[in-house]
Amino acid sequence: MDYQKLAQLLYPDIDKTPEYYEEKYPPRDLPEGAKVTRFAPSPTGFVHFGGLFPVTVCERLAHQSGGVFMLRIEDTDSKREVEGAEMDIIRAFEHFGIRFDESIVHGGDYGPYRQSDRKAIYQCYAKYLVANGHAYPCFCSAEELDELRARQEEAKVTPGYYGEYVRCRDLSYEEVEANLKAGKPFVLRFRSNGNAENKVKITDLIKGNLEITENSIDHVLLKSDGIPTYHMAHAVDDHLMRTTHVIRGEEWLPSLPYHVQLFQALGFRLPKYMHISQLMRLEGTAKKKLSKRDAGAGITYYFSEGYAPECVTEYVMTLLNSNFEDWRRANPNEDIDKFPFAIKKMSPSGCLFDMAKLNDVCKNVVSRMDAETVYNKVTGWAEEYDPELHALLTRDPDYSRRILGIGRGGAKPRKDIALWKEVKEYVSFFFEELFTVSAEMPANVEPADRVKILTAFAESYDETADQTAWFDGIRAIAESVGYAGDMKAYKAEPEKYRGHIGDVSMCLRVAVTGRESSPDMYEVMKILGAEKVTARCLAAAKA
RNA sequence: GGCCCGUUGGUCAAGUGGUUAAGACACCGCCCUUUCACGGCGGUAACAGGAGUCCGACUCUCCUACGGGUCACCA
């Protein structure tokens, strides 16, 4: 068989050669050790939260080493494509501070960055493979393949197009020509020289040394519409874009031997591989892949809930590099990009997505922000997701900043807020329209005592008093109604008192804020002002 | 089912032949505090199971179990 002639028959319009592209996309001129990475999603209209993991690894590795990070759109499956999805992907990741150096919008010398725009390139290499006997056209119909699969399942053998089951591998030139003339569609298949009895040794930077069964299947390289499958596109694109590190989900591990063969057949140098484990969630006692329908699986969830992007990044980092939390404790205010990201610190096993941990990380990150930052971020979020809150906070920005600033900036900042969505509930009692008198009171305070306490406080509250004087006033009220003004005295002889100063404080807190948990009461009362404070105390006394 | 990857407390995890098997989240207790928080101190809780190698295995090998992935003209 004259493969050269067959290649010409199959792809008469392809006049470029691999040399042409090699020259057009030369090795990158980068410093020693610089990594070139890429994130390559399909524009399906759903941006998965899990994508943040490989993306973050790609971005860190590239930018930390003075390399390049690309975004390549893998739109070779027109059936799954969704309008506008490309921009959604870019916007989503940029929201989390991911900077792409090259992409369909950022440009770059190694494009096009959309696979549907690279058809001629793939076909050139397809033609090259045919010319070298590494690929052949297959005219089997979908029905024939279904039938083959059924037969293999029946016989309990590995399904697939390989070995004795291939039909089109050795068609003669004349047969191919006749099929083409008859207008029969064909796919281009890889002529595998692999043997399922053999193992290939491959090193994965995360998983370590692997021994995987050789690929013996003649996989499809080009679909009948001339568009490549993932595998072909991966080899051609990552070679031509000069990717040094292929970072992807571990679902690709089984096809790795095939990719190794392909790179060999194409004469490409193999890139380094890093396969990242999938994010899981717990269902009963079983770990399940975080799937589309789960809360938190879609990235838009984090927008609408009001997760600050730096909080999410922080959490992602704790899962990606096991020593990140230690580093953060040692460098609480350092820019996250200063963290030395290490491939070695990545876990080979999959982890569970832990919402509680995420929230804890959020609280820590938010607690480190100053009032101005919080104000700007919350209003920015609320503008889109909670117009009522936005209107409330922007009505009097200084008032809002004072509220959001309580307990902030000290050595032991409060950690009340994890998500912006929670801010409304948190600040609600500062706004009359959201405040409701609470009838709930500490159970161990007699209703009659409660009335006495609240009335006495309302009558004596002096908003000009300093914190000590203010508290002394409360202490005096406590003692006047038979409550211990000192916790130690109370603990020593609890039977001597009707309650303690803590109970009294709680009465005031509930009356003024409507809740059992709030920031520092002295600050809260000063911000609210004497008029509201006394009015609320009297209202609560009545209730 | 075949093939592949994985398995340290409820969760995330340190650990690379000899450790009282870190730390974080969650949970519980105590302390601090005017209270809720915050913070501090402490506690419950783990090497999936079985063989083997070795003076000695969480660490190495094998088997089993469990979990996950993959077997498309989808990525």
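**Group meeting: a helix pair and a small sheet**

Okay, let's start with the helices: α1, residues 3–10, packs against α5 at an angle of about 150°, and their axes are 7 Å apart. Angles over 145 degrees count as roughly antiparallel, so that's what we call α1 relative to α5. Keep in mind that this is a predicted model.

The crossing itself, where α1 passes α5, is right-handed. So who's touching whom? On the α1 side we've got Tyr3, Gln4, Leu6, Ala7, Gln8 and Leu10, and they meet Lys127, Val130 and Ala131 from α5. If you sort that contact by class, you get 6 nonpolar residues, 2 polar and 1 charged.

Now, stay with α5, because that helix also takes us to the sheet: α5 covers residues 119–131 and lies across β3, β4 and β7. Against β7, it runs at about 130°.

On to the sheet, then. It's an open one with 3 strands, in the order β3-β4-β7, and the pairing is antiparallel. At the edges you have β3, 135–138, and β7, 220–222, each pairing on one side only. How much are neighbouring strands turned against each other? On average by 45°, ignoring direction.

Let's zoom in on one pair. Strand β4, residues 187–190, is joined to β7 by 2 bridges, and the two run antiparallel. If you want a spot to click on, go to arginine 189, which stands opposite valine 220 in β7.

To recap: α1 packs on α5, and α5 lies across the three strands β3, β4 and β7. Okay, over to you.

Conventions. Residues numbered from 1 in each chain as written. Chains lettered and ligands numbered in written order. Predicted model: local features only at pLDDT ≥ 70, side-chain atom pairs only at ≥ 80, totals over all residues. Heavy atoms only, no water. Pairing = 2+ DSSP bridges. Helix = DSSP H or I, 4+ residues; strand = E, 2+ residues; numbered from the N terminus. Axes fitted to C-alpha atoms, helices over the stretch in contact; angles between N-to-C directions. Contact = heavy atoms within 4.5 Å. Parallel < 35°, antiparallel > 145°, perpendicular 65-115°, else oblique. Left-handed = near helix turned anticlockwise from the far one by under 90°. Nonpolar A, V, L, I, M, F, W, Y, C, P; charged D, E, K, R; others polar.
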